Amino acid sequence: MKIAVICANGREGQCVVREAMARGHEVTAFVRGENRSAAKKAVVKDLFEITKEDLAGFDAVVDAFGAWTAETLPQHSSSLRHLCDVLAGTETRLLVVGGAGSLYTDESRKMLVMDAPGFPEDWKPLASAMGRALAELRQRKDVRWTYLSPAADFAADGEKIGKYFLGGDVLPVNARGVSRVSYADFAAALVDEAEKADHVGERISVCEA
């Protein structure tokens, strides 16, 4: 496959690049500055300047965008909207690295993770911004999107165990009562979805088995 990874210099973006390349896919990194990913091909361009021509011919586009400051949090919506507009009406898949805050805490679906007791106050603005972006994405019928949310503990430095399972809109918890996934295993799940296209137009969640 031909896969574009946007914001490939980020930690999850780099994991996705490595995973896709290890499987023999042709990967192009889209970065704002010097390419720090393992991709041999790179396009140096701001996300908001990416055009239809830039993404023409790709089988899948991975959106690994992240914003953390109060001023930039709205870009979770605006950047995703821009990519959707660029890919609208094409067969190219859009796979979005999302957050866990907008998942439901359990099958009763009465409470979101971000609203649950004990959810860190400092993370609520980010979770809310990502939740709004997902809600807007769900209105798009002209893009072949899939939104992937990690388990509660999204472990940047966690080792790749090679075993995961997929959930839906409810926070995934494994048989040991743990809701956790490493960046590496999340990347594996994302590339699996890119290859299989099993969940077009859906949000899925990922947890280690």
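Visitor: What volume does the largest cavity have?
Guide: Happy to start there, and please keep in mind that this is a predicted model. The count comes to 1 cavity of 30 Å³ or more. The volume of the largest cavity is about 100 Å³.

Visitor: Which helix gives the most to the lining of the largest cavity?
Guide: The lining includes Asp63, His76, Ser79, Leu80, Val96, Met130 and Tyr147. Two or more lining residues come from each of helix H3 (75-87), strand S5 (93-97) and helix H4 (124-137). With 3 residues, the element that gives the most is H3.

Visitor: How many residues in the lining of the largest cavity are charged?
Guide: Phe65 and Val97 are among the residues that line this cavity, and so is Asp63. The lining divides into 8 nonpolar and 3 polar residues, and the number of charged ones is 1.

Visitor: Let's turn to the open space. Which residues that line the largest pocket are the closest to its centre?
Guide: The largest pocket holds about 1,200 Å³ of space. Its lining is made up of 43 residues. The closest to the centre are Phe65, Gly66, Trp68, Leu126 and Tyr183.

Visitor: Which element gives the most to the lining of the largest pocket?
Guide: At least two lining residues each come from helix H1 (11-22), strand S2 (26-31), H3, H4 and strand S7 (153-155). By character, the lining divides into 26 nonpolar, 9 polar and 8 charged residues. The element that gives the most, with 4 residues, is H4.

Visitor: What is the geometry of the aromatic pair formed by phenylalanine 119 and tryptophan 123?
Guide: The structure holds 4 aromatic pairs. In the one formed by phenylalanine 119 and tryptophan 123, the ring centres are 6.3 Å apart and the planes meet at 80 degrees. Because an angle over 60 degrees counts as edge-to-face, this pair is edge-to-face.

Visitor: Is tryptophan 123 buried or exposed?
Guide: Its partner in the pair, phenylalanine 119, has 15% relative accessibility and counts as buried. Tryptophan 123 has 54% relative accessibility. The cut-off for exposed is over 50%, so tryptophan 123 counts as exposed.

Visitor: Which residues form one aromatic cluster?
Guide: One of the cluster members, Tyr183, is also among the pocket residues closest to the centre. The full cluster is Phe154, Tyr183 and Phe186.

Visitor: Which residue lies over the face of phenylalanine 58?
Guide: Here a charge sits over a ring, and the distance to the ring centre is 5.5 Å. The cut-off for that distance is within 6 Å. The residue over the face of phenylalanine 58 is lysine 2.

Visitor: What radius of gyration does the protein have?
Guide: The protein has 5 helices and 10 strands. For 209 residues the globule rule gives 17 Å, and the protein's own value is close to that, so it is as compact as a globular protein of that length. The C-alpha trace spans about 45 × 35 × 30 Å along its principal axes. The radius of gyration is 16 Å.

Visitor: How far apart are the C-alpha atoms of alanine 67 and alanine 129?
Guide: Alanine 67 lies in the loop between strand S4 (60-63) and H3. At 4% relative accessibility, alanine 67 counts as buried. Along the chain, alanine 67 and alanine 129 are 62 residues apart, while the separation of their C-alpha atoms is 9.4 Å.

Visitor: What about the C-alpha atoms of tyrosine 164 and valine 206: how far apart are they in space?
Guide: Tyrosine 164 is found in strand S8 (residues 164-167), and at 24% relative accessibility it counts as partly exposed. In sequence, tyrosine 164 and valine 206 are 42 residues apart. In space, C-alpha to C-alpha, they are separated by 6.8 Å.

Visitor: What is phi of arginine 109?
Guide: Most residues other than glycine have a negative phi. Arginine 109 lies in the loop between S5 and H4 and is partly exposed at 41% relative accessibility. Its phi is a positive value, near 55 degrees.

Visitor: Where is alanine 197 found?
Guide: Alanine 197 has a positive phi, near 55 degrees. With a relative accessible area of 29%, alanine 197 is partly exposed. Its place is the loop between helix H5 (183-196) and strand S10 (202-208).

Conventions. Residues numbered from 1 in each chain as written. Predicted model: local features only at pLDDT ≥ 70, side-chain atom pairs only at ≥ 80, totals over all residues. Heavy atoms only, no water. Phe/Tyr/Trp six-rings, centres within 6.5 Å; stacked < 30°, edge-to-face > 60°. Buried < 20%, exposed > 50% of the residue type's maximum accessible area, 1.4 Å probe, protein only. Lys NZ or Arg CZ within 6 Å of the ring centre and 35° of its normal. 1 Å grid on protein atoms, 1.4 Å probe; cavity = no way out; pocket = protein on both sides within 12 Å on 5 of 7 lines; lining within 4 Å. Points joined across faces, edges and corners; volume = space filled by probe spheres on them. Nonpolar A, V, L, I, M, F, W, Y, C, P; charged D, E, K, R; others polar. Rg over C-alpha atoms; globule rule 2.2 N^0.38 Å.
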